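Q: Please take a close look at one part of this structure, the part that concerns salt bridges. Then set it against the rest of the chain, in plain terms and with the cut-offs stated.

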Amino acid sequence: MKTLAIFPGSLNPFHVGHLNILEKAEAIFGKGNVIICVGVNPDKINSDNKEEYIEDLEAKCSILSQKIKRTVEFYTGFLHDFITRKEILGYNVVIIRGLRNGDDLDYEVNQLRFVNDFKPDIKEIFIVCD
């Protein structure tokens with residue numbers, strides 16, 4: 001089973017701190033085994049412009065992908081559903097989370113507990129940003 005490390009978030013804008021975490025994750029998992037996952041909360045999208053919003057997001061992901069030469073995907077709904085879809089395709093999925101400080105760690109651990117309620121077998125690593 002191939003390991004796939006995903007780096008999820010809104011990543012808007014994608015900045016040097018995100019790139020630092022991405023590069024560290026690639027050093028661990030290999031460049032071709034890490035993807036950036038841009039999350040979209042459908043509840044925050046006005047139903048009148050949902051298609052336009054998604055087209056805009058796809059364009060931004062394409063631009064980001066070309067700029068940093070990495071795979072960028074977007075997903076709607078819950079992260080654990082996205083992970084499950086990747087697992088069905090045969091991947092062993094690991095979530096990458098970047099940390100700046102202890103406050104980030106507290107926040108991320110709470111988020112992990114929430115995801116554990118839906119997907120107890122979730123795997124996550126924390127990487128500290130330079």
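A: A salt bridge here is a side-chain nitrogen of Lys or Arg within 4 Å of a carboxyl oxygen of Asp or Glu. The model is predicted, so local features need pLDDT of at least 70 and side-chain atom pairs count only at pLDDT 80 or more, while totals for chains, interfaces and linings use all residues. Residues are numbered from 1 along each chain as its sequence is written, and side-chain values use heavy atoms, with hydrogens and water left out.

Over the whole structure, eight salt bridges are found. One of them pairs glutamate 26 with arginine 70, at 2.5 Å from N to O. The two partners lie 44 residues apart, glutamate 26 in helix α1 and arginine 70 in the loop between α2 and β3; helices (H or I, at least four residues) and strands (E, at least two) are DSSP runs, numbered from the N terminus. Both glutamate 26 and arginine 70 are buried, where buried means under 20% relative accessible area, exposed over 50%, and partly exposed in between (1.4 Å probe, protein chains only).

The loop that holds arginine 70 also holds lysine 69. Lysine 69 is exposed because its relative accessible area is 64%. Its phi is near 55 degrees, a positive value in a residue other than glycine. Most residues other than glycine have a negative phi.

A second link from helix α1 runs to the segment after β5 (124–128): lysine 24 and aspartate 130 are 106 residues apart, yet their closest N and O atoms are 2.7 Å apart in a salt bridge. Lysine 24 has 25% relative accessibility, so it counts as partly exposed. Aspartate 130, at 73%, is exposed.

The pair of aspartate 121 and lysine 119 has its closest N and O atoms 3.1 Å apart. Lysine 119 counts as buried because its relative accessibility is 8%, whereas aspartate 121 is partly exposed at 44%. Through shared partners, salt bridges join Glu87, Lys119 and Asp121 into one network.

Charge and burial also meet at arginine 97, which sits in strand β4 and counts as buried at 17% relative accessibility. Its contacts (heavy atoms within 4.5 Å) include Glu108 and Glu124, along with Pro8 and Leu79.

Now the nonpolar interior. A nonpolar core is a set of buried Ala, Val, Leu, Ile, Met, Phe, Trp, Tyr and Cys residues joined through side-chain atoms within 4.5 Å. The largest has 21 residues, and Phe14, Leu22, Ile36, Val38 and Ile96 have the most contacts inside it. Elements that give this core two or more residues are β1 (2–9), α1 (16–29), β2 (34–40), α2 (50–68) and β4 (91–99). Helix α1 is thus a contributor to the core as well as the site of lysine 24 and glutamate 26. A second, separate core of 13 residues includes Cys37, Tyr75, Phe82 and Ile122. Among the residues that valine 38 touches, leaving out those up to four places away in sequence, are Leu57, Cys61, Val72 and Tyr75.
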